[in-house]
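Please look over the sequence and the model together before reading on, and keep both at hand. The paragraphs that follow are meant to be read with the structure in view.

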Amino acid sequence: MVRISVRYLLPHLKRDGFERCPTCGGSHAIFKGIGVLIFLPLTSVFVAILPLFGGEIERQIANSHTLFNLVNLFILLPFCDRFAVWMTKLMPKKELPSKYVKHLDRDASAIPAVGLLQARKELEVVTERVSEHMFPHLLSMIEDDKARQQVVQQERIIDVVYKATYHHLQRIMENNLNDKESEEALKLLYVNNDLERLTNVMKEMARAMNKLENKHKMLNDWEREKIQQLFEEVEQGFSHASKAFSNNREEEALQVIYNNPKIQRMEREMRYEHFYYGSGSSSTVSVVFSDLMNLMLRIHQHSVNMSHTMLGMV
């Protein structure tokens, strides 16, 4: 009959109790740890009992594992409810990601290269959301309340993603980053901030449109035409900036920066023409028109900021 030495058996019991923690969870590890503490004073008795079950050394190891679990279970079973309460208080709840956060994994922030790649992918999704679900509604917001609601809803979603991405990048920056990783993390923080603020401006545009509707006022054809002209330039600027970010294309970023004086000049000329030729407009319409011009200029400025970031001009 084969006997198991104490020196051979105890490492297996300890390993089973603690090293499986990543798989079984913290509560399982504590459960096994309590069992180890109970069995330690009874090690000699435990070793003496095992040979009675017979079998080779592999079988005796398996029997020891089964016996350990059964005895531990029966000892702790009366305290099951209390144990569950303790675990709820001791073990931190894992923060569940929002359904709108597609690529971020909290554990990956400990591996900077992986975490930064996830953050970049997440922000690429945000740029697509802005391009596909927000920009197409900006002009139709003038008359369509549903379009305004769509823009506001998308802004709320992007705000959730912004916060998740911000905290994800902050956790990454707590690691010991090399120069390249530090630069990438900083760029992503800047882009994340500009995207969130850009969508906030779009939400302000929706509120400006509501102001007209509440006062039963409308923009005239000339004002709509000018808004559309500026909008097309601003939308194109964001398209260049998002491509510069997603594809690391410096020429796209440079295009945004080169076009910035043109868009600034357009806005000034339109504002002047409005005040000079549009004296018959109501004060409410005049204020809203000026607000829309200014808000679109702010949207474009965030596209310019993103372009500067991609070129390392921060």
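What follows goes from the overall fold to charged pairs, aromatic rings, two interior residues and a patch on the surface.

The model shown here is a predicted one, and its secondary structure comes to 13 helices and 0 strands. Read from the N terminus, the order of elements is therefore a run of α after α, with no other type of element in it. Of the 314 residues of the protein, 41% count as buried, and the protein exposes about 17800 Å², of which carbon and sulfur atoms supply 54%. When contacts between residues at least 6 apart in sequence are considered, 77% of them join residues at least 24 apart.

The charged side chains offer a way into the arrangement of these helices. Side chains of opposite charge can pair when their charged atoms come close. With a side-chain nitrogen of Lys or Arg required to lie within 4 Å of a carboxyl oxygen of Asp or Glu, the count comes to 14 salt bridges. One of these joins K163 and D159, whose closest N and O atoms are 3.5 Å apart. Both residues belong to helix α9, which covers residues 145-173, and because they are 4 residues apart there, about one helical turn separates them. K163 has a relative accessible area of 47%, so this residue is classed as partly exposed.

Other salt bridges join separate helices. E204 and R298 meet through their side chains at 3.3 Å, N to O; since E204 lies in helix α10 (residues 179-214) and R298 in helix α13 (residues 283-310), the pair ties together parts that are 94 residues apart in sequence. Both partners are partly exposed, E204 because its relative accessibility is 29% and R298 because its relative accessibility is 33%.

A salt bridge also links E273 with K226, and here the closest N and O atoms are 3.7 Å apart. Because E273 is part of helix α12 (residues 250-277) and K226 is part of helix α11 (residues 221-247), this pair ties together parts that are 47 residues apart in sequence. The two partners fall into separate accessibility classes: E273, at 24% relative accessibility, counts as partly exposed, whereas K226, at 14%, counts as buried. Elsewhere, D145, R148 and E213 are linked in a network of salt bridges.

Turning to the aromatic rings, a search of the whole structure finds 4 aromatic pairs. Among them is the pair of W222 and F289, whose ring centres are 5.9 Å apart and whose planes make an angle of 35°, an arrangement that counts as tilted. As W222 lies in helix α11 and F289 in helix α13, the pair ties together parts that are 67 residues apart in sequence. W222 is partly exposed, with 27% relative accessibility, while F289 is buried, with a relative accessible area of 1%.

Which residues form one aromatic cluster? They are F135, F231 and F238. F135 lies in helix α8, which covers residues 135-138, and with a relative accessible area of 1% this residue is buried. Leaving aside residues up to four places away in sequence, F135 touches V130, M202, F231, V234, E235, F238 and I299; F231 and F238, its partners in the cluster, are thus included in that list. The C-alpha atoms of F135 and T199 are separated by 9.7 Å, although the two residues are 64 residues apart along the chain.

F238 also appears among the contacts of T127, a residue of helix α7 (residues 112-133). T127 counts as buried because its relative accessibility is 3%. With residues up to four places away in sequence again left out, T127 touches L195, F238, S242, F245 and S246.

The last stop is on the surface, where L42, V45, I49, L52 and F53 form a nonpolar patch with about 500 Å² of accessible area together. I49, one of the residues in this patch, is found in helix α4, which covers residues 43-49. At 34% relative accessibility I49 counts as partly exposed, and this value satisfies the requirement of over 30% relative accessible area for residues that make up patches.

How values were computed. Residues are numbered from 1 along each chain as its sequence is written. This is a predicted model: local features need pLDDT of at least 70, side-chain atom pairs count only at pLDDT 80 or more; totals for chains, interfaces and linings use all residues. Side-chain values use heavy atoms; hydrogens and water are left out. Patches are made of residues with over 30% relative accessible area and no salt bridge: like charges are joined within 9 Å, nonpolar side chains (Val, Leu, Ile, Met, Phe, Trp, Tyr) within 5 Å. Accessible areas come from the Shrake-Rupley method with a 1.4 Å probe; for residues, only the protein chains shown count as cover. Helices (H or I, at least four residues) and strands (E, at least two) are DSSP runs, numbered from the N terminus. Buried means under 20% relative accessible area, exposed over 50%, partly exposed in between (1.4 Å probe, protein chains only). Contact means heavy atoms within 4.5 Å. Rings of Phe, Tyr and Trp (its six-membered ring) pair if their centres lie within 6.5 Å; planes under 30 degrees apart count as stacked, over 60 as edge-to-face and the rest as tilted.
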